[in-house]
Amino acid sequence: MNAVCPGWVATDMGGSGGRPVADGAASVVWAATLPNDGPTGGFFRDGKPLDW
């Protein structure tokens, strides 16, 4: 299992200064479609690991 941060996204809650919703969603889709032998136990944004 992994955790994903979509980053600051331009939504009603995030405001207009964030990145496009599609970019934030792409991080979530990337994690949701990882193969069974993909990374686990990580925290990611844009397919790259982030420090906890």
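Throughout these legends, a contact means heavy atoms within 4.5 Å. This is a predicted model in which local features need pLDDT of at least 70 and side-chain atom pairs count only at pLDDT 80 or more, while totals for chains, interfaces and linings use all residues. Residues are numbered from 1 along each chain as its sequence is written, and side-chain values use heavy atoms, with hydrogens and water left out.

**View 1. The whole chain holds one helix and three strands.** Helices (H or I, at least four residues) and strands (E, at least two) are DSSP runs, numbered from the N terminus. Read from that end, the elements follow the order β-α-β-β. The C-alpha trace spans about 35 × 20 × 15 Å along its principal axes. Of the 52 residues, 15% count as buried; here buried means under 20% relative accessible area, exposed over 50%, and partly exposed in between (1.4 Å probe, protein chains only). Among contacts with a separation of 6 or more, 43% join residues 24 or more positions apart. The chain exposes about 3800 Å², with 61% of that supplied by carbon and sulfur atoms; accessible areas come from the Shrake-Rupley method with a 1.4 Å probe, and for residues only the protein chains shown count as cover.

**View 2. Three strands form an open sheet in the order β1-β2-β3, with mixed pairing.** The edge strands are β1 and β3 (48–49), each pairing on one side only. Two strands pair if DSSP finds at least two bridges between them. Strand β2 (residues 43–45) runs parallel to β1, and two bridges connect them. To find your way in, start at V4, whose bridge partner in β2 is F44. Strands of a sheet pair through backbone hydrogen bonds, either parallel or antiparallel.

**View 3. S27 sits in helix α1 (residues 21–32).** S27 counts as buried because its relative accessibility is 2%. Setting aside residues up to four places away in sequence, S27 touches V4, C5, R19, R45 and D46. For D46 there is also a polar link: its backbone nitrogen lies 2.8 Å from a polar atom of the S27 side chain. A polar contact is a pair of N or O atoms within 3.5 Å; within protein, one must be able to donate a hydrogen and the other to accept it, and residues adjacent in sequence count only if both atoms are side-chain atoms.

**View 4. R19 and D46 meet through their side chains in a salt bridge (2.6 Å, N to O).** This pair links distant parts of the chain, 27 residues apart: R19 belongs to the loop between β1 and α1, D46 to the loop between β2 and β3. A salt bridge is a side-chain nitrogen of Lys or Arg within 4 Å of a carboxyl oxygen of Asp or Glu, and a search of the whole structure finds one. D46 counts as partly exposed because its relative accessibility is 40%. Have a look at the backbone too: D46 is not a glycine, although its phi is positive, about 55°. Most residues other than glycine have a negative phi.

**View 5. A10 lies in the loop between β1 (3–4) and α1.** With 29% relative accessibility, A10 counts as partly exposed. Beyond its neighbours within four places in sequence, A10 is in contact with G15, S16, G18, R19 and V21. A10 and P20 are 10 residues apart in sequence, and their C-alpha atoms are 5.8 Å apart in space.
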